[in-house]
Amino acid sequence: MADDREYRDMSVRGRSSAIALQHLRYAVAAAEHGSFRRAADSLLLRQSTLSRCIRQLEESIGVTVFDRSSGGVRATPAGRDFLRMARSILEQMDALVTTARNTGRGEVGRLAVGFYTSLSAGSLRATLTAFRQRFPQVALAMVERSRTRLVTALRNGALDIVIATGGIPLLDTKVLPLWSERILVALPERHPLAANDTIYWTDLRSETVLLSHYDPGRELEDLLMAKLASPADRPKIERHDVSRDIIKSLISGGFGVSLVTESDIGASFAGLTYREVRDGVGPSQVSYSAHWREDNDNPALASFLNLLGERYALPGGC
């Protein structure tokens, strides 16, 4: 008896595994239309084809799904239970296929972006906003760290992409040149230099320049040193182990001035004003690039890189 029961169970499993999803769709369509003919028309099939497939389905599961009559078809009690499960299976399969397709296209998933520029304004903020609008189902994880820590995170796979100043590849990464931002002087509203529309690097010689230990403070300091190469021309530099916002608070309190990138001015700060800083050639700028590992196959990263390419990249930039 046990052997017979086991044989029957194996037979049922064998029949169920042979059921085609398409046959389930035909049965559900027939139930919704109440007619093989109308269901076949909606599916662009011959009625004989649909009828044969549903008959094969019934034989496979050993259940009569429909009572047939000249007026159409009606699900049997056992058929109603079967069709309820069939609808659930088809919905789950459609969702599975959609999710897989969207993931492959980079339309869902997760993207980890490292940066050390401001998100209050500027191109990075605009890019992230555009990406969210185009791919609303991709979860964005934003990580603000120092350049060194971003490089480490990119190396170990914790980050998918890093937006950093300069165009030199980080480690063995790919690099895509992006946008440039003007460098501005942040100073108190009542500062004498605030009366100037433009400030030159040499105007900073007698100033106290406040800079953060955190990026991009060190890069701005290097630029300041390069622009004012003579020790006699260099201003007093104070380095503080604080954020950019604390630096702004110190400026508004009259402790000095500072250098910021253009994206920093998006967030208003009472008592401050900004002026473009120039040299003899024109406005001073800092360039940004995207860095990522070539072996990163995250589809969401590919979508983000495509967006960056559309918005900023020059031909042959990567």
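This note goes through a helix pair, a buried strand with its neighbours and one loop residue in a predicted model.

1. Two packed helices are described by the angle between their axes and the distance between the axes. Here the pair to look at is helix H6, residues 122–134, and helix H10, residues 299–311, whose axes come within 11 Å and cross at roughly 125 degrees. H6 and H10 are therefore oblique to each other, since an angle above 115 degrees but not over 145 falls outside the perpendicular and antiparallel ranges. The crossing of these two helices, H6 and H10, is right-handed.

2. As for the residues that make this contact, H6 contributes Ala126, Thr127, Leu128, Ala130, Phe131 and Arg134, and these meet Ala300, Ser303, Phe304, Leu307, Leu308, Glu310 and Arg311 of H10. Sorted by class, the contact between H6 and H10 is made up of eight nonpolar, two polar and three charged residues.

3. Strand S5, which spans residues 161–165, has five of its five residues buried, and so the strand is largely enclosed by the rest of the structure. In a regular strand the side chains alternate between the two faces of the sheet. In S5 both faces are covered, with Ile161, Ile163 and Thr165 buried on one side, and Val162 and Ala164 buried on the other.

4. The pairing of strand S12, residues 285–293, can be followed in the model by starting from S5, with which S12 pairs in the antiparallel sense over four bridges. A useful place to find this pairing is Ala164, which stands opposite Ser289 in S12. Strand S6, residues 173–188, is also joined to S12, in this case by eight bridges, and these two strands run antiparallel. For this second pairing, one can look at Val175 in the model, whose bridge partner in S12 is His291.

5. The last point concerns Phe255, which is found in the loop between helix H9 (244–252) and strand S10 (258–261). Is Phe255 buried or exposed? With a relative accessible area of 53%, Phe255 is exposed, because the value is over the 50% cut-off that is used for this term. Leaving aside residues up to four places away in sequence, Phe255 touches Thr208, Leu210 and Leu250. Its C-alpha atom is separated by 9.6 Å from that of Leu187, although Phe255 and Leu187 are 68 residues apart along the chain.

Definitions and conventions
Residues are numbered from 1 along each chain as its sequence is written. This is a predicted model: local features need pLDDT of at least 70, side-chain atom pairs count only at pLDDT 80 or more; totals for chains, interfaces and linings use all residues. Side-chain values use heavy atoms; hydrogens and water are left out. Axes are lines fitted to C-alpha atoms, for helices over the stretch in contact, and angles run from 0 to 180 degrees between N-to-C directions. Angles under 35 degrees count as roughly parallel, over 145 as roughly antiparallel, 65 to 115 as roughly perpendicular and the rest as oblique. A crossing is left-handed if the near helix is turned anticlockwise from the far one by less than a right angle, and right-handed if clockwise. Contact means heavy atoms within 4.5 Å. Ala, Val, Leu, Ile, Met, Phe, Trp, Tyr, Cys and Pro count as nonpolar, Asp, Glu, Lys and Arg as charged, and the others, Gly among them, as polar. Buried means under 20% relative accessible area, exposed over 50%, partly exposed in between (1.4 Å probe, protein chains only). Two strands pair if DSSP finds at least two bridges between them.
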